[in-house]
Amino acid sequence: MNVWYLVYRVIIDDIIFYPPVYQYLIIPGLIAALLVALFIIWFERKAAAFVQMRYGPREIAPRIGGAIQLVADLTRYALQEIIIPETVDALPYILSPIVMIILALLPLEAVPLTSIRTYFPIPPDYSLLIAVALSTLSPLFVVLMSWASNNKFAVVGGIRESFIITAYELIAVLGFLSAAAMTQSFNIVNIVNMQMSGKWLGLLNPIALLAVFIAVLMSTSGFPFEIPDSESELVAGPYTEYTGLLYGLNMGGGYIKRWVFSILIALVFLGGWAPYKPVPGIITGYFIPSLIVSIKALIVMAIMSFLRSVYGRYRVDQALGIAWEILIPLTLAAFGLGLAEAYFGVI
Amino acid sequence: MVGEVKKLISIQDLLKNVLKDNIISIEQNKGYLDVLVSTDKLVDSAKKLKDSGFDHVKSVTAVDYIGKKQFKITYHISSYLNEELSKYIIGLSTVINRDNPHVPSLSKIWVSAEFQEREVYEFFGIVFDDHPDLRLLLLTPVIAALKPLRKDYVVKEESDDIEADYIAYNTNKWW
Amino acid sequence: MEASSSGIPHLPGMEISELSKNTYEVYIGPAHPGSGHMRIIVEVDGDIMVRVDPDIGFVHRTMEKLAEGRDWIKNIPLFERMAILDACNITLPYVEAVEKLLGTEPPERARYLRTLLCEINRIASHLYGTGIFGVFLGHSTLYMWAFGDREVFVDLAEQMSGARLTHSYPVFGGVRRDIPDDFPEGARKATRYMRNRLNEYAKIFLNNPNIRSRLENVGVMSKNLATELGIVGPNLRASGVRYDVRLNDPYEAYGDLEFEIPVFEEGDSLARAWARIEEMRQSLNIIDKVVDWLEKHPRENFMHEKFWKTAPKLYKDVYTGQIEYAGKYRIKLMPLFASLKVPPGKAFARVEAGRGEMVYYVESDGKDVPYRVRVVSPSFRNVIAFKYLMPGHRLMDLPAIYGSFDYFPPEWDR
């Protein structure tokens, strides 16, 4: 056989575009997540600066508006010394941020990004249920982080985190499952195919989209919705004792979790890879649909970043009050609305 | 001008009526009216003044007269809720001996004097009896043992000798 | 103050008290991103604060002792460093007390000039306090806007006195400089701009439902509690007590000007934030009136005759503008001040600074250094509210309460 054909078969077809590897590592996996985190933190700082009558970052590369500021920040975190205090429990302390990031990217293994059979990572019959279930694994390690740090501020932050995660992840799970109620299947490929004709589920059931949006904002810590991490009372909550690359992983971990949820929102509520119909072949069948989904997810993240400049921080008991008294009935109403729409044959 | 003199005379009359024979002397200084009472009548005069409308303390001052071997403690009081009395400031003062200085505390009557009495305690070494929470406020114990604001205080030079500091602190502290 | 019976050495800076079984002690300490230079020791039971103890004294600079060793005129820059944002308001009572002892009163133009700088400083100080309050609640937009708008007023103060923050503007007998010729239009533009911005602040911060739910009914201080604790400033006026030194005991030019004092009844943190915004509006009106008066009246002397007649001819030439490189309408330090001897006596003066009422007691015995200066700053009188007001609230209400009191640790500690 031809050498180039062997190269094509082995490297590209079997390693890079092998679906589990492609989805976990390339798009929308690790590399795309890091690039998106780089871009979105810069965008957040610039948008907030524009509202606040100032310029934002412009020291590093003034002509393109300081866009590679985050590369400088990451380099500094990577080269800084990691200090491990004597009073912490060393093994959980070092492992928790790393395991948290690994588990945060796991739902991407379960979602199909195209409708062509050869590119499914797992059989897609229950893919929505599996993806939503996998997304609830990573917050446990934040609580483990706060216990291992052996610091009063970390313990108070960890307790707040456990309260908030319980309430808001429940809302996110219920919101996603109302899409299953509407389309009567857990298969994401069927859900996207039903949205091909322009009937996006986000337009048919806006209450569910709103509830999932708020739940994602509150449960992935980003200023100013980060109650466990609030700077004015607790120094940095569970992340107080971290320095160096572990600190960079913690701070970036919030954005990576947000990215994963945004991919799920883009697939379920915003149409997935519609209006493009995938044709068999690597570029047209796999690469382009994943790019379309990524761009929709990026728009959702940009809207979440813009809200930074308008809102302040809620108190813990008020945030929990909103979750249990207002948002859970709203989500149950969205579920009921989905069932009603399925019954009357709207979709 | 005549109205002002009338008002001044009436405030002195008011004080004479309220405090009757506790007063040793009344003196009009520039900006406030100084009323001197003796130390054992201090709590009684404070209660009578509070009942007649003076409801907060603006400042607690102690002045060290080293020639006459006395401390003079002044409470500047005034009123928030009474419109007439809020234009005047009364200085309730008393004179005590310089060695072994003890004064009854007025924090049970006026809560606003609590932190200021702590400050006078640490700077001058004057003990306020019956204060609910008498401890140091602004200074560290090593410096407070030397009673900084008295006139015979010599500024301590900064040194790295912790042993000598500790010995000096142990010999000088009065608590 | 004896040693406790269990053998633990009982140093008076350290308090040993019994903790009940369920409380948890948290130090909001000096090296905290949300605290400033002070420490608050909080005992928490679950999420409710049980005991709060303010531990201050980290920036104590011994100003009262230093003032006893310096000449009278050198104490003006010393006391200014207490709170350099409102420099004119902080040194004004000292200058007034010494003027009472000397028996000289400043001329009328000097009184209006002092009033103008006092109001500019009051606005700058309120903007600083509002900005810091925003950042404690997680609202960074208000912080950036308040500090950006403060630059406008610091710039006006620089045109008047030559320095952005530490003005040293009032001296015994008058002021140091007169306003330049193009000052009134700059001042009018600034007040017009700031009135629009105050409406924006109300929209994004005070009427924002997120912030309102954090501030409403938090830290409620009734009228009787405020009077007993001796609270000063806008915090007092937000609890329903109508007391302001500018109205009750007028000084400088406030007796001739007409202005209002905003008083609120609720006494919670939201009322304290509103009280500052409304006071800024009133200060803008006062600035407009004073600038009109200064423009209408001809330029006359701004320093008392007793000191002005001892000035050499060079000063009088600089004042009228005959020396080209030296600017106009300014004087250098009078040589008489360097060896001023004040007749013996005791004096007391009070002024409404940005954060509340500022009080000085000055005693002199005829020499060229003071015998005793006692200064009580407004933030020092507000510290007692932490101990009595905070227990019973949740831990996350701590920044909402102490940000609304407009904390400024260098002013507490002197």
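Select Y361(C) and R374(C) in this predicted model: Y361(C) stands opposite R374(C), a residue of β8(C). Now extend the selection to both strands. β7(C) and β8(C) run antiparallel and are joined by five bridges.

**The sheet of chain C**

Add β6(C) to the view. The three strands make up an open, antiparallel sheet in the order β6-β7-β8. The edges are held by β6, residues 345–352, and β8, residues 372–376; each has a single partner strand, so one side of each has no neighbour in the sheet. Look along the sheet to judge its twist: on average, neighbouring strands are turned by 10° against each other, direction ignored.

Next, colour the other pairing. β7(C), residues 357–364, runs antiparallel to β6(C), and eight bridges join the two. One position to label is E352(C), whose bridge partner in β7(C) is E357(C). Then show helix α3 of chain C, residues 87–102, which packs on the sheet and touches β6 and β7 of chain C. The direction of this helix makes about 150° with that of β6(C).

Return to β8(C). Is this edge strand mostly covered or mostly open? It is mostly covered, with five of its five residues buried. In a regular strand, side chains alternate between the two faces of the sheet. Select R372(C), R374(C) and V376(C) for one side of β8(C), and V373(C) and V375(C) for the other; all of these are buried, and both faces are covered.

**From chain C to chain B**

Show chain B beside chain C and select the residues in contact. There are 35 from chain C and 31 from chain B. Which element gives the most to the side of chain C that touches chain B? It is β6(C), with five residues. The elements of chain C that give two or more residues to this side are α1 (63–67), α3, α8 (223–229), β6, β7 and β8. Colour this side of chain C by class to find 17 nonpolar, seven polar and eleven charged residues.

Stay with chain B and select its helix α3, residues 114–124. Ten of the eleven residues in this helix are buried, and the helix is mostly covered. The buried residues of α3(B) run as E114(B), F115(B), Q116(B), E117(B), R118(B), E119(B), V120(B), Y121(B), E122(B) and F123(B). To see what covers them, show β3 (56–65), β7 (127–129) and α4 (141–144) of chain B; the cover also includes α15 (384–389) of chain C. Then step just past the end of α3(B) to G125(B), where phi is positive at about 85°.

**From chain C to chain A**

Hide chain B and bring in chain A. Here 20 residues of chain A are in contact with 21 residues of chain C. On the side of chain A that touches chain C, the largest share comes from helix α14 of chain A (residues 316–343), which supplies three residues. This side of chain A has seven nonpolar, six polar and seven charged residues.

Now view chain A by itself in a cartoon. What does its secondary structure come to? Chain A has 14 helices and zero strands. Its C-alpha trace spans about 60 × 55 × 45 Å along the principal axes. Of its 347 residues, 41% count as buried. Among the contacts in chain A with a separation of 6 or more, 79% are between residues 24 or more positions apart.

**Two loop residues to finish**

In chain A, centre on M53(A), in the loop between α3 (30–51) and α4 (69–79) of chain A. Phi is positive here, about 65°, although M53(A) is not a glycine. M53(A) is exposed, with 12 other C-beta atoms within 10 Å.

For the last stop, go back to chain C and select N217(C), in the loop between α7 (209–215) and α8 of chain C. N217(C) is a residue other than glycine with a positive phi, near 60°. Is N217(C) buried or exposed? N217(C) is exposed, with 11 other C-beta atoms within 10 Å.

Conventions. Residues numbered from 1 in each chain as written. Chains lettered and ligands numbered in written order. Predicted model: local features only at pLDDT ≥ 70, side-chain atom pairs only at ≥ 80, totals over all residues. Pairing = 2+ DSSP bridges. Helix = DSSP H or I, 4+ residues; strand = E, 2+ residues; numbered from the N terminus. Axes fitted to C-alpha atoms, helices over the stretch in contact; angles between N-to-C directions. Contact = placed C-beta atoms within 7 Å. Nonpolar A, V, L, I, M, F, W, Y, C, P; charged D, E, K, R; others polar. Buried ≥ 20, exposed ≤ 12 C-beta atoms within 10 Å, placed from the backbone.
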